[in-house]
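I am opening a notebook page on this structure. The entries below record what I looked up, in order.

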Amino acid sequence: MGILDIFRKGLEKTRGFVSDGFSKIAAKMGRFDEDMLEDLETLLVQADVGVGATLSIMDAIRENIKNTGDASRESVLRTLSEQMLSILGEKKTLKIEENNLNIILMVGVNGTGKTTTAGKLCLRYKAQGKKVLLAAADTFRAAAIEQLEIWGERTKTAVISHEEGSDPAAVCFDAIHAAIARKTDVLIIDTAGRLHNKQNLMDELSKISRIIEREAPSALCQALLIIDATTGQNAVIQSEVFSKAVKLTGVGITKLDGNAKGGVAISVAYSAHCPILLAGLGEGAEDLMDFDPEAFVASLLPES
Ligand SMILES: Nc1nc2c(ncn2[C@@H]2O[C@H](COP(=O)(O)OP(=O)(O)OP(=O)(O)O)[C@@H](O)[C@H]2O)c(=O)[nH]1
Ligand SMILES: [Mg+2]
C-alpha cells in the first residue's frame with residue numbers, strides 16, 4: 001500500500017465526513033454562492049479544523065472567487081487544498097543522527113497515546129537495525145511501567161524502570177547512563193500524562209529536561225507532544241501548556257482513525273509553533289506514519 005492509501009484508510013471517517021460533505025454542498029449548484037460558502041465553513045469547523053484556520057481558509061477562497069470570478073467546484077476545491085497545505089507546511093520528520101545518542105521524550109496528557117507511540121517508534125527503529133532503549137519515566141502508576149515493559153518484550157527491547165512512585169528524573173538519569181554505556185542509538189522516554197496536579201506534571205517535565213541536558217549534552221534530544229485527535233480543540237490548548245515546560249520539537253497526532261474530527265491536525269498546525277511529525281492511524285504497532293501533509297489533505301478532500 002502506498003502512503004496515500006494508508007492515510008486514506010486511516011482517515012476513512014474524517015474523509016467520509018469532509019469529502020462527502022463537500023460534494024453534497026457543491027452538488028446544490030454548478031458554482032459556489034454565499035450560502036454554500038457558509039455551509040463549507042460550517043463543515044470545516046465541524047471537522048475540527050478550528051475557527052482561526054477555517055476563517056483564514058475561507059477568506060482565501062472568497063478572495064480567489066472575487067479576483068478570478070471563478071466559483072466552480074474545481075476552483076474552490078483547489079484553493080481549499082492549497083490553503084490546507086499552506087497551513088500544514090512542508091513535510092518534516094523526526095531526525096535521527098548517526099553515531100550519536102538520540103533521545104526522544106514523549107509528553108502529553110493522559111490517554112493520548114504516549115506509551116503506544118513510544119512502542120511503535122521502538123519497533124520502527126529496531127526494524128532499521130538501531131539499538132533502542134526504553135525508559136519508563138511514568139512512575140505514577142504501576143500499570144504504566146508494565147505497559148511499557150510489554151512493548152519491550154514485544155519488540156525485544158530493554159526497558160529501564162524503577163518502582164512505582166519513584167523519581168522519574170532518576171529513571172531518566174539511569175536510562176541515559178545505560179544508553180551511553182550500551183552505545184544506544186535511540187533512547188525513548190515515556191512520561192506520565194497525569195500527576196496529582198498539572199503544576200506537578202509540568203515541574204516534573206522541566207526537571208527531566210534539565211537532567212537530559214546535564215547528563216547527555218551532546219545527544220540529540222527531541223521532545224514530542226502526543227495529541228489525541230479525538231479530543232478536539234483541547235489539543236490546541238495542550239500544545240500551549242506543554243510548550244511552556246518543555247522545548248517541543250514536534251507533535252504526534254494519534255487516533256486520526258478514531259472519528260471524523262481528523263481536521264484537528266490543521267487546527268494544531270495553525271496554532272502550535274511546532275510541526276506535526278507523526279500520525280497515529282490505528283492501535284497496531286505498524287499504524288504509525290510520518291505525517292505527510294500532501295497525503296493528509298488528499299485523504300480529506302474529494303478527488304477533483
Ligand atoms: N485508534 C487508535 N488508538 C490509539 C492510537 N494510539 C493510541 N491508541 C490507544 O489509546 C489508548 C491510550 O494509549 P496510551 O499509549 O496508553 O496513552 P498514554 O498517553 O500513554 O496514556 P497515559 O499513560 O495514561 O498518560 C490505548 O488504548 C491505545 O491503544 C491510534 O493512533 N489510534
Ligand atoms: Mg502511558
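Entry one. How do the residues of the shell around ligand 1 divide into nonpolar, polar and charged? I looked this up and found two nonpolar, eleven polar and seven charged residues. I note here that the model is a predicted one.

Entry two. I then asked which residues surround ligand 1 most closely. The shell holds 20 residues, and the closest are K114, T115, T116, D257 and E283. I also looked up which element gives the largest share of this shell. That element is helix α6, residues 114–127, which supplies four residues.

Entry three. I went through side chains that have an N or O atom by an oxygen atom of ligand 1. For K114 I noted a distance of 2.7 Å. For Q147 the distance is 2.9 Å, and for R141 it is 3.0 Å. I next looked up how much of ligand 1 the protein buries. Taken alone, ligand 1 exposes 660 Å², and 82% of that is buried by the protein. I checked the location as well: ligand 1 sits in the largest pocket.

Entry four. I turned to the aromatic rings. How many aromatic pairs does the structure hold? I found three aromatic pairs. One of them is formed by F7 and F291, and I recorded its geometry as edge-to-face. The ring centres are 6.4 Å apart, with 80° between the planes. I placed F7 in helix α1, residues 3–10, and F291 in the loop between β8 (288–290) and α12 (293–300), so this pair ties together parts that are 284 residues apart in sequence.

Definitions and conventions. Residues are numbered from 1 along each chain as its sequence is written. Chains are lettered from A and ligands numbered from 1 in the order in which they are written. This is a predicted model: local features need pLDDT of at least 70, side-chain atom pairs count only at pLDDT 80 or more; totals for chains, interfaces and linings use all residues. Side-chain values use heavy atoms; hydrogens and water are left out. A residue is near a molecule or strand if one of its heavy atoms lies within 4 Å of it. A polar contact is a pair of N or O atoms within 3.5 Å; within protein, one must be able to donate a hydrogen and the other to accept it, and residues adjacent in sequence count only if both atoms are side-chain atoms. Accessible areas come from the Shrake-Rupley method with a 1.4 Å probe; for residues, only the protein chains shown count as cover. On a 1 Å grid over the protein atoms alone, a cavity is a set of points where a 1.4 Å probe fits but cannot get out, and a pocket is an open set with protein on both sides within 12 Å along at least five of seven lines; lining residues have an atom within 4 Å of a point. A molecule sits in a cavity or pocket if more than half of its atoms lie within 2 Å of its grid points. Helices (H or I, at least four residues) and strands (E, at least two) are DSSP runs, numbered from the N terminus. Ala, Val, Leu, Ile, Met, Phe, Trp, Tyr, Cys and Pro count as nonpolar, Asp, Glu, Lys and Arg as charged, and the others, Gly among them, as polar. Rings of Phe, Tyr and Trp (its six-membered ring) pair if their centres lie within 6.5 Å; planes under 30 degrees apart count as stacked, over 60 as edge-to-face and the rest as tilted.
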